[in-house]
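Okay, thanks for squeezing me in. I'll put the structure up and then talk through a few things in it.

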Amino acid sequence: MPSFKFSKEEKLKSRKVIQQLFERRTSIHIFPLRLIWGPIEPRFNDYPTQFAVTVPKKRFAKAVDRNRIKRVIREGYRLTKPILNEQLSAFDQQYGLMFIYTGKKKPSLVEIEKSLKRIRKKLVKQLSAEGSEDK
RNA sequence: CUGUAAGACUGUUCUAUCGUUCCAUGCUAGCAUUGGAAAAGGAAAGUCCGGACAACGUAGAGCAUCACGCCAUCUAACGGAUGGGGUCCUUAUUUGCUUUAAUUUAUUAAAGUGAACAAAGGAUACAGAGAGUGUCGCAGAAAAUAACCGCCAACUUCCUCUAAGAUUUAUCUUAGAGAAAAGGUAAGGGUGAAAAUGUGUGGUAAGAGCGCACGGUGUUCUCAGGUAACUGAGAAGGCGGAUAAACCUCGUGAGUUGAAAUGCCGCAUAUAUCCUGAUUCGUAAGAGAUAAGUUGCUCGCUUAGCGUGGAAGUACUUUCGGGUGCUUUCCAUCGGGAGGGGUAGGCAGCUAGAGGUAAUCCGUGAGGAUUAUCCGAGAUAAAUGAUAGAAAGGUAAUCUUUUGAUGUUGGGCUGUAAUCGUCGAAUGUCAUUAGUUUACUUACAGAAUCCGGCUUAUAGGUUUUGCAGUCGC
RNA sequence: GCCAAUGUAGCUCAGGGGUAGAGCACUUCCAUGGUAAGGAAGGGGUCGUGGGUUCAAUUCCCACCCUUGGCU
């Protein structure tokens, strides 16, 4: 039985790490989500990923809308997380994942899950390609 | 009953599964499990006022700046609220005058213009324009101690003419008429947002608050009512604008910065140090001195704590000196450049409060008092959610149904030359009552230290008051 | 969380109580064999929205809305 828990330790909080992610500029864009990702060194804990969401204030002026979108994305991530973690744990490395919502309308959970699925496949592909180059 | 305007209250519910924050519990001491009838608002919003709380500053007076401004009350406080007063506007009513028309010749009608009281509704940043300065476009004679046109010829003066008288015979005096450089006047000028207190009347050379009557509006005094703002009555003496959300004057009040404040732990040589400018103090040099003490500092160990050391004088306390009238207080402050580090972690502040609810009492009311009872968010890259199902409400449509209005068709009755009237039937349209089914939908909006207000947003429901319409009694 | 500034013609900006302007752009005409430059004429504004003060508001006061910026 996979765990759907989503604790504080799995949330990306360090300003330094976020800064590094944006400087690294490795991103995957599948509408309506953009993922900015990278390895975290040194790793904070045993979880294979740390996660953060942001919604631009320019497109959604009301706090209610922004909160709603963040909650939906967080929920979608929580439900798809076990598969992702299983695949990523093979690389023996902690990764930071930063999601930016780029859509213009309020999303439904189904759309978010679709996008997350495709992002996961692409991410794993890129990672395994990197790993083979190193070897 | 329906519509409409304003206000008040309310602001969907339940179940299952998977999660988040917090609290409690468990033990292996940072994880797991179990439990929780714990977890967004009336505006959490805008950040427009007022406070609590905190840090720093702070004698008084003066200067500057800002805010407020009818009265009383409420309140921790307010620029908020409640009650009252004044002023203005709208509606309706009454009345004076002018013009026009009609005829009954003193009435009626219409229009214009001036004024008044009470009622209802609404608005009101509502101290001072009689302290001073400024501004008032265009139009208009004139826009602020008014005099251009006009009006006047009584008084004064000058000139001309006529008459009478006197004598110095061409001068004077008196009377009358004319003219108006000077003079008087402010009714008329139709422009304007505003034209010097309105209307009527007397008066006059012409006029005028110059007098009078009825009004308007200030000042002073007296009396009466009211806590007061203010109101009423009487007397005296007045009447040459608007603007203070123009400068300003008067009165009242105000230190600055905000919980990312602030304190502690941790990390730290960290207002380090050097150069330079300005200000302040000092005659100048220059930017206090000296001594003692400390829960402070150094080093070691994981924390608490314990042990050790005694160099330096950052901090605090006491003493002395200097500046200041005294006390307080200060003994440097602020800026620029160079240079060289560190953090963006934890704990407290952090939620029991000018708290909520109910009852009783006081008050016109805002509100207050007493008693009982309840405690129900505390996140920090920022929790309070997702999915599925059910219920409730709303909107729209289809169908059935109740009632009413109305059109068409043919029929009966009364009755006619005929239209017509009336009764019930079929069918169409509109409104309406109740129900079925389907679809859509359930507002505005998310705590960030906490309160009191204000402002703005808000589907639907409930309700109060006013107004309008319909039906019944 | 806290604090400022701004809004005027299609664009960039003046105007700080008395009928709202400049430059560029736009339209028409002149000039040229034609185009540009040049010359002449013209159009275009709820002065962000709603109240208030005033005789009169783009301007003064109040509330709201939009945009932009700053602190952390």
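I'll start with the overall layout, then go to a salt bridge, a charged patch and a buried serine.

First, keep in mind that this is a predicted model. So, chain A: you've got 3 helices and 4 strands. Reading from the N terminus, the order goes α-β-β-β-α-β-α. Of the 135 residues in chain A, 39% are buried. If you take the contacts in chain A with a separation of 6 or more, 79% of them are between residues 24 or more positions apart. And on the outside, chain A exposes about 8800 Å², with carbon and sulfur atoms supplying 51% of that.

Okay, salt bridges. How many does a search of the whole structure find? Just 1 salt bridge turns up. The partners are Glu75 and Arg78, whose side chains meet at 2.6 Å, N to O. Both residues sit in helix α2, which covers residues 63–88, and they're 3 residues apart, so about one turn of the helix. As for solvent, Glu75 has a relative accessible area of 30%, so we call it partly exposed. Arg78 comes in at 22% relative accessibility, and therefore counts as partly exposed too. The cut-off for buried is under 20%, and Arg78 at 22% doesn't meet it.

Next, the charged patch. On the surface there's a patch of positive charge where Lys117, Arg118, Lys121, Lys122 and Lys125 gather. Take Lys117 as one of that group: its place is in helix α3, residues 109–134. Is Lys117 buried, partly exposed or exposed? Its relative accessibility is 48%, so Lys117 is partly exposed. To be called exposed, a residue has to be over 50%, and Lys117 stops at 48%.

Now stay on helix α3, because there's a residue there with a very low number: Ser115, which is found in that helix, has a relative accessible area of 2%, and that's why it counts as buried. What does Ser115 touch, once you leave out residues up to four places away in sequence? The answer is Ile30, Phe31, Pro32 and Leu33.

So put those two next to each other: helix α3 holds Ser115, buried at 2%, and it also holds Lys117, partly exposed at 48% and part of the positive patch. That's what I had, so let's go back to the picture if anyone wants to look around.

Terms used. Residues numbered from 1 in each chain as written. Chains lettered and ligands numbered in written order. Predicted model: local features only at pLDDT ≥ 70, side-chain atom pairs only at ≥ 80, totals over all residues. Heavy atoms only, no water. Patch = residues over 30% accessible without salt bridge, like charges linked within 9 Å, V, L, I, M, F, W, Y side chains within 5 Å. Areas by Shrake-Rupley, 256 points an atom, 1.4 Å probe, with all protein chains shown as cover. Salt bridge = Lys/Arg side-chain N within 4 Å of Asp/Glu carboxyl O. Lys, Arg positive; Asp, Glu negative; His and termini not counted. Charge placed at Lys NZ, Arg CZ, Asp CG, Glu CD. Buried < 20%, exposed > 50% of the residue type's maximum accessible area, 1.4 Å probe, protein only. Contact = heavy atoms within 4.5 Å.
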